[in-house]
Amino acid sequence: MSFKTLRKLAKCGAAAIALSTIAVASPSQAQGDLLVAPTRVILDGSRGTEVILSNIGTEEATYRIGLELRRMLDNGRLEPVEKTDANSAEEAALGMIRYAPRRITLPPGQPQAVRLAARPGADLPDGEYRVHMSFKAIPRTQAVTDEAQPSDGVSIQLIPIYGVTIPIIVRHGRVEAQVALSQPTITDGPDGPELTLMINRAGKSSTYGVLQIVKPGMEEPLLDLRGLAVYPEVNEREVRVRLTPEQAANFRGQLRIEYREMPNAGGGLIAAIDSFIG
């Protein structure tokens with residue numbers, strides 16, 4: 001994927017998110033002057049892969065690459081986990097990921113590959129192991145000048161540090177998941193009507209895909225929510241989508257709800273339910 005294509009995808013994703021309440025999954029993830037693709041990596045063999053890091057800014061920039069731990073909550077939010085609080089599976093994940101380089105300086109408009117691979121131990125139990133790879137911009141050091149000094153008192157300059165984090169998933173041995181959808185309903189949320197739905201998951205594997213809701217007689221889906229993951233640490237995830245009153249009215253009646261793999265993964269059906277919302 002070329003640098004120009006990556007930058008174009010990032011702009012398209014940002015525009016779509018701004019114009020619609022429908023979530024859009026982009027094959028790249030941008031933050032500040034930093035662009036990363038792909039946004040999700042699965043390693044299920046001895047072969048490694050690459051993640052492309054691009055500087056889409058106008059100045060030279062330095063980035064630090066590292067590994068973090070995060071756990072999903074039942075509302076879908078990912079909560080940071082300190083490495084000292086890692087469980088055995090998280091410790092195994094941290095220990096098996098190899099990657100390089102760990103620090104990159106890029107001129108404006110230049111990409112570079114970060115190579116990564118997994119080296120699971122021979123006695124590692126079958127399962128899915130996950131870390132999150134972070135790409136963080138290192139602020140440039142600015143010289144302190146006399147003009148910058150306050151005449152009296154104390155001045156504090158806050159420098160934002162932006163970054164991107166993507167999941168690195170290692171599937172070892174036999175892993176699978178069973179998924180069901182349940183309890184679709186419209187509720188009154190703090191900011192208006194909301195569609196709520198439960199995704200129930202069992203097994204050692206995560207799931208990742210598109211949640212689509214269609215109504216008989218309508219050509220376009222009412223909802224097309226992409227990049228929806230349910231990780232193994234949760235047996236059920238609540239999906240909550242804010243609606244306008246007009247959208248809420250459209251959701252009432254007979255519906256077909258499907259959770260499918262992402263189109264680039266084949267689009268296979270993961271779970272489906274026919275439901276009526278009154």
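Here is a short walk through this structure, from the overall picture to a few local details.

What you are looking at is a predicted model, so a word on confidence comes before the details. The mean pLDDT of the protein is 86, and 81% of its residues reach 70 or more. Residues 5-25 are another matter, with pLDDT below 50. In the model, that stretch has 26 contacts beyond near neighbours in sequence. Where pLDDT is low, the predicted coordinates should not be read in detail.

Now for the protein as a whole. Its secondary structure consists of 3 helices and 18 strands. Of the 278 residues, 39% are buried. The accessible surface comes to about 15,600 Å², and carbon and sulfur atoms account for 49% of that area. If you take the contacts between residues at least 6 apart in sequence, 68% of them join residues at least 24 apart.

Let's turn to helix α2, which spans residues 88-96. Three of its residues, E90, A93 and M96, are buried. Viewed down the helix axis, the buried residues of α2 fall within an arc of 135°, so they line one face of the helix. What covers them? The cover includes strands from several parts of the sequence: β5 (61-72), β6 (78-81), β7 (97-100), β9 (111-118), β10 (127-138) and β11 (163-172). At the start of α2, you can also find a side-chain oxygen of N87 that comes within 3.2 Å of the backbone nitrogen of A89.

Further along the chain, follow strand β12 (residues 177-189) into strand β13 (residues 192-203). These two form a hairpin, with 2 residues between them. Their pairing is antiparallel and runs over 11 bridges; one place to see it is D188, whose bridge partner in β13 is P193. Strand β13 also pairs with β16 (residues 236-242), again in the antiparallel sense, over 7 bridges. Here M198 has E238 of β16 as its bridge partner. Strand β13 thus has pairings with both β12 and β16.

A last stop is G45, in the loop between β3 (41-43) and β4 (49-55). Is this glycine buried, exposed or partly exposed? With a relative accessible area of 39%, G45 is partly exposed, because that value lies between the 20% limit for buried and the 50% limit for exposed. G45 and A117 are 72 residues apart in sequence, and their C-alpha atoms lie 9.0 Å apart in space.

Methods: Residues numbered from 1 in each chain as written. Predicted model: local features only at pLDDT ≥ 70, side-chain atom pairs only at ≥ 80, totals over all residues. Heavy atoms only, no water. Buried < 20%, exposed > 50% of the residue type's maximum accessible area, 1.4 Å probe, protein only. Helix = DSSP H or I, 4+ residues; strand = E, 2+ residues; numbered from the N terminus. Arc of directions from axis to C-beta. Contact = heavy atoms within 4.5 Å. Polar contact = N/O pair within 3.5 Å; in protein donor to acceptor, adjacent residues only side chain to side chain. Pairing = 2+ DSSP bridges. Areas by Shrake-Rupley, 256 points an atom, 1.4 Å probe, with all protein chains shown as cover. pLDDT = per-residue confidence, 0-100.
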